[in-house]
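This report reads through one protein model, going from its overall build to a single strand and then to a single charged residue. Please keep the sequence and the coordinates at hand while reading.

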Amino acid sequence: QVQLVESGGGLVQAGGSLTLSCTASGRTFSSAAMGWFRQAPGKEREFVAAISRSGEITFYADSVKGRLTISRDNAKNTAYLQMNSLKPEDTAVYYCAARPTSGYYSGNYYFRRYAEYDYWGQGTQVTVSS
């Protein structure tokens, strides 16, 4: 079992920056591909960014390309989402997700569908004021 805890959310002015963290409780963090999703009230959870188990491959939703950066630090069992040039439409609860993978080829896999992830954090609120 993998437990994920997000932190770093808060209130920020439009154009500002914020960094979210996702810390895993176990020692299996390095075996999992990671992703960030977000959900606004009344809307479905949407994909934001993903990073492969190896950390060498990243993928972003079109709406956040060039503004948000996903990264990971396996020594700290932590994934990050660096958010710059924030917009009011970025306001949402942000969730961290993990998908354990194994094998030679899966090291560069990434996932962007909700159903492809096995573990989820509790979410952290990000509010961007205009």
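The sections below treat the overall fold, then one strand with its partners, and then one buried acidic side chain.

## Overall fold

The model is a predicted one, and its secondary structure consists of 11 strands with zero helices. Followed along the sequence, the pattern is accordingly β-β-β-β-β-β-β-β-β-β-β. The radius of gyration is 14 Å, close to the 14 Å that the globule rule gives for 130 residues, so the protein is as compact as a globular protein of that length.

Along the principal axes, the C-alpha atoms occupy a box of roughly 45 × 30 × 25 Å. Of the 130 residues, 43% are buried. Among contacts with a sequence separation of 6 or more, 63% come from residues that are 24 or more positions apart.

## Strand β11 and its partners

Strand β11, which covers residues 124-129, shows an alternation of its side chains: Thr124, Val126 and Val128 point to one face and are buried, whereas Gln125, Thr127 and Ser129 point to the other face and are not buried.

Two pairings of this strand can be described. With strand β2 (residues 10-13), β11 pairs in the parallel sense over four bridges, and in this region Gln13 stands opposite Ser129 of β11. With strand β9 (residues 92-100), β11 runs antiparallel and is joined by three bridges; here Ala92 has Val126 of β11 as its bridge partner.

## Glu6, a buried acidic residue

Which side chain of opposite charge is nearest to Glu6, and how far away is it? Glu6 belongs to strand β1 (residues 4-7), and the nearest side chain of opposite charge is that of Arg45, at 7.3 Å. A salt bridge is counted only within 4 Å, and Glu6, although buried, has none.

What the side chain of Glu6 does reach is backbone nitrogen: that of Cys96 at 2.7 Å, and that of Gln122 at 2.9 Å. Once neighbours within four places in sequence are set aside, the residues in contact with Glu6 are Ser21, Cys22, Trp36, Tyr94, Tyr95, Cys96, Gly121, Gln122, Gly123 and Thr124. This list includes Cys96 and Gln122, whose backbone nitrogens were named above, and also Thr124, one of the buried residues of strand β11.

Note on methods. Residues are numbered from 1 along each chain as its sequence is written. This is a predicted model: local features need pLDDT of at least 70, side-chain atom pairs count only at pLDDT 80 or more; totals for chains, interfaces and linings use all residues. Side-chain values use heavy atoms; hydrogens and water are left out. Buried means under 20% relative accessible area, exposed over 50%, partly exposed in between (1.4 Å probe, protein chains only). Two strands pair if DSSP finds at least two bridges between them. Lys and Arg count as positive and Asp and Glu as negative; His and the chain ends are not counted. A polar contact is a pair of N or O atoms within 3.5 Å; within protein, one must be able to donate a hydrogen and the other to accept it, and residues adjacent in sequence count only if both atoms are side-chain atoms. Contact means heavy atoms within 4.5 Å. The radius of gyration is taken over C-alpha atoms; the globule rule is 2.2 Å times the number of residues to the power 0.38.
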